[in-house]
Amino acid sequence: MTMLPSKARVLHRLLQFRSTCFGSPSCGKAASSRLVLGIETSCDETGAAVLDETGEILGESLHSQKVVHLRTGGVIPMVAQRLHRENIERVVQEALERSNVDPSQLSAVATTVKPGLALSLGIGLEFSQKFVRQHNKPFIPIHHMEAHALTVRMLQPVTFPFLVLLVSGGHSLLAVAKGVDDFLLLGHTLDEAPGDTLDKVARRLSLIKHPQCSTLSGGQAIELLAKDGDRTRFRFTTPMGQTYDCCFSFAGLRNQVTMAIMKKEAEEGIEQGTLLSCVNDIAAATQHTVASHLAKRTHRAILFCKANGLLPSSSPTLVLSGGVASNQYIRKALSIITEATGLQLLCPPAKFCTDNGVMIAWNGVERLREGKGILPPSVDVCYEPKAPLGVDMTAEVKAAAIRLQSIRMKIPN
């Protein structure tokens, strides 16, 4: 794995590349058409899409590994890597064919390089660098969470700055989006992400054995069963109630749920791996506590932003994105907070909340427009499994120690 060259060397290559490529007739069509190929392989989805500068999706392809990982009880990095390697060429080719676009017509290729599973990121990056060098195209490295944050701008006009809550199987953070590559990080998870917690609870409950849940992810199974559950039968403590910042913690909640499951298994006289009679109630209580935790930290982030003038006084916006954002109960919880604080809540459709090539291509379009982070094909790039987003403001948020007024979280199923 080769490290990034010095800034001076990169700048020299970039200027050289622009003068030789964008100034030549052979590259004129690609530059004027402004088409971007996006490639996503950060976890367990192999995605590719071609977008034009308006955000129109000309063609896309997605290969999901969900069924494979359901059988193994979670994402195994080496398995994910193998499946990416087996499918990436086909997925990219399908996206190009469906868009009726030849590689020569592309203006750039955008690819997720951080954060994510190292073995998965490596496949996408290796393929992309070979592709851009073969076709002499600019390369745009993409931060996965930046792409999630900006997806909503592809679908409707959302001006900067806005507050964004990104929640997924691997990430959880609150940030102010000030620009395409300008973020203020207000809070992040201290241990595991909400999607990971829901998946682990679902596995501990053996929901894959439930007739309604055999083909669903853990989070989807929890959401489905919770609709018929009584969340008041199990009263889990919302995490970090006495910590007045915007960071998240879900490991303690998972431990509470595990203890409750073990107690009920003993009461019902069943072994681990057998479905409990109260599985719907545990699902409902778990989902409600996750939603409440997300809502309370977001409430504090909104108050911090208002106190520090970080959001516009007119029509401030909260964007909810990431795979867990497709959970309708969590959306309702956040809507209670935005209604109480005078913000507009925007959520991309569920199909754009989960990982896909479209959001990566769109991030590439946004960066191409502003000329930010565009590299010549010859520049070596390394992937980063862990990568913070933006300027870390978590210490300032904690120092503000904002206490919340109680908001009744009466959320209909």
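In this predicted model, Arg 403 is found in the segment that follows helix H14, which spans residues 394–400. With a relative accessible area of 59%, Arg 403 lies over the 50% limit and is therefore classed as exposed. Its separation from Glu 223 was also computed: the two residues are 180 apart along the chain, and their C-alpha atoms are separated by 30 Å.

A second residue from the C-terminal part of the numbering, Tyr 383, is placed in the loop between helix H13 (357–370) and strand S11 (391–392). Tyr 383 has a relative accessible area of 24% and is partly exposed, a class that covers values between the 20% limit for buried residues and the 50% limit for exposed ones. Although Tyr 383 and Pro 141 are 242 residues apart along the chain, their C-alpha atoms are separated by 9.0 Å.

Helix H6, comprising residues 144–155, contains Thr 151. At 1% relative accessibility Thr 151 falls under the 20% limit, and it therefore counts as buried. When residues up to four places away in sequence are set aside, Thr 151 touches Pro 348, Phe 352, Met 359 and Trp 362. The cover extends to most of the helix, since 11 of the 12 residues of H6 are buried. Among the buried residues of H6 are the charged side chains Glu 146 and Arg 153, together with His 144, Met 145, Ala 147, His 148, Ala 149, Leu 150, Val 152 and Met 154.

Aromatic side chains were examined next. A search of the whole structure finds four aromatic pairs. In one of these pairs, the rings of Phe 160 and Phe 162 have their centres 5.5 Å apart and their planes at 10 degrees, so that the pair is classed as stacked. The two partners were also assessed for exposure: Phe 160 is partly exposed, with a relative accessible area of 22%, whereas Phe 162 is buried, with a value of 0%. The rings of Phe 248 and Phe 250 likewise form a stacked pair, because their planes meet at 15 degrees, under the limit of 30 degrees, while their centres lie 6.2 Å apart. Both Phe 248 and Phe 250 are buried.

At the level of the whole protein chain, 14 helices and 11 strands are present. The radius of gyration is 22 Å, close to the 22 Å that the globule rule gives for 413 residues, and the chain is therefore as compact as a globular protein of that length. Taken along the principal axes, the C-alpha atoms fill a box of roughly 75 × 50 × 35 Å. Of the 413 residues, 55% count as buried. Contacts between residues at least 6 apart in sequence were considered as a group, and 76% of them join residues at least 24 apart.

The accessible surface of the protein chain comes to about 17600 Å², of which 51% belongs to carbon and sulfur atoms. With regard to charge, the chain has 44 positive and 37 negative side chains, and the centres of these two sets lie 4 Å apart.

Technical notes: Residues are numbered from 1 along each chain as its sequence is written. This is a predicted model: local features need pLDDT of at least 70, side-chain atom pairs count only at pLDDT 80 or more; totals for chains, interfaces and linings use all residues. Side-chain values use heavy atoms; hydrogens and water are left out. Helices (H or I, at least four residues) and strands (E, at least two) are DSSP runs, numbered from the N terminus. The radius of gyration is taken over C-alpha atoms; the globule rule is 2.2 Å times the number of residues to the power 0.38. Buried means under 20% relative accessible area, exposed over 50%, partly exposed in between (1.4 Å probe, protein chains only). Contact means heavy atoms within 4.5 Å. Accessible areas come from the Shrake-Rupley method with a 1.4 Å probe; for residues, only the protein chains shown count as cover. The place of a charge is taken as NZ of Lys, CZ of Arg, CG of Asp or CD of Glu. Rings of Phe, Tyr and Trp (its six-membered ring) pair if their centres lie within 6.5 Å; planes under 30 degrees apart count as stacked, over 60 as edge-to-face and the rest as tilted.
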